[in-house]
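Q: I am new to this structure and would like a close look at a single part of it, set within the whole chain. Please take me through it step by step.

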Amino acid sequence: MELSDSSSRHELAVRMAELARDIAAPRSLGDLLTDVTAAAVELIPAADVAGVLLVNGGDFESVADTDGLAAELDKLQHEFGEGPCHDAALQQTIVRTDDLRDEPRWPQYAPAAVKCGVLSSLSFKLYTADRTAGALNLFSFRPGVWDTEAETIGSVLAAHAASAIMAGRHGQQMQSALSTRDRIGQAKGIIMERYGVDELRAFDLLRRLSQESQVKLIDIAQRVIDTRGDD
């Protein structure tokens, strides 16, 4: 796809707008990332397979795989501790290899990928602003197929994938915060009823118990809730 062609530029703009709307909609992270990888294969002719690799500590998680092959390649990289997706997620911004048959950077992974039929790959680091590293990964069954347009489109899609991940994390954090607030509120209500104190006094009792026992406030609140049936 030539970006200089007006119809191609329009198609790209339309798909980017659709992805942006999808991220704002109440959908699962898996569905959002699946849209991103599907768009990669659709918009980048050289990309035969696409997937997202998430790295949290020593754990590798393959998501939004368009073929099933991307997950297998991620597994190989985890096993060998080397590879383009591994490098993009943890170190570099863009990792490109034009021919895995002549690739000295990954002496174990490259031959294994070639056995799987993959001859070139293009990986983009995902900036997720938390402890989770990630990469959007494109694979081709042909050598020497990547160009500047592929890198440009891939970089834009990687930004959308990172936005989806951050939106998903934010949603999880909001749900956790609401759950915490609800449980502390329940515990305060139980203390107010049980001891005839006001809301401020009830919260102060919870806080003091947390400090004295060196137990998190939410855990103290849950213990109070658990004793409700003992009255």
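A: Since this is a predicted model, what follows describes computed coordinates, and a view of the whole chain helps before turning to one loop. Among contacts between residues at least 6 apart in sequence, 59% join residues that are at least 24 apart. The chain holds eight helices and five strands, and reading along the sequence gives the order α-α-β-β-α-α-β-α-β-β-α-α-α. Of its 231 residues, 42% count as buried, while the chain exposes about 12000 Å², with carbon and sulfur atoms supplying 51% of that area.

The part to look at closely is the loop between β2 (59-63) and α3 (69-80), where Ala64 is found. Ala64 has a positive phi of about 55 degrees, although it is not a glycine. The background to this is that most residues other than glycine have a negative phi. As for its surroundings, Ala64 has a relative accessibility of 12%, and because the cut-off for buried is under 20%, this residue counts as buried. The loop residue Ala64 therefore combines a positive phi with a buried position.

Elsewhere in the chain, a further local feature can be set beside this loop, for the count of aromatic pairs comes to one. The partners are Trp106 and Tyr109, whose ring centres lie 6.4 Å apart and whose planes meet at 80 degrees, so the pair is edge-to-face, given that planes over 60 degrees apart are classed in that way. Both Trp106 and Tyr109 are buried, and Ala64 in its loop is likewise counted as buried.

Methods
Residues numbered from 1 in each chain as written. Predicted model: local features only at pLDDT ≥ 70, side-chain atom pairs only at ≥ 80, totals over all residues. Heavy atoms only, no water. Helix = DSSP H or I, 4+ residues; strand = E, 2+ residues; numbered from the N terminus. Buried < 20%, exposed > 50% of the residue type's maximum accessible area, 1.4 Å probe, protein only. Contact = heavy atoms within 4.5 Å. Areas by Shrake-Rupley, 256 points an atom, 1.4 Å probe, with all protein chains shown as cover. Phe/Tyr/Trp six-rings, centres within 6.5 Å; stacked < 30°, edge-to-face > 60°.
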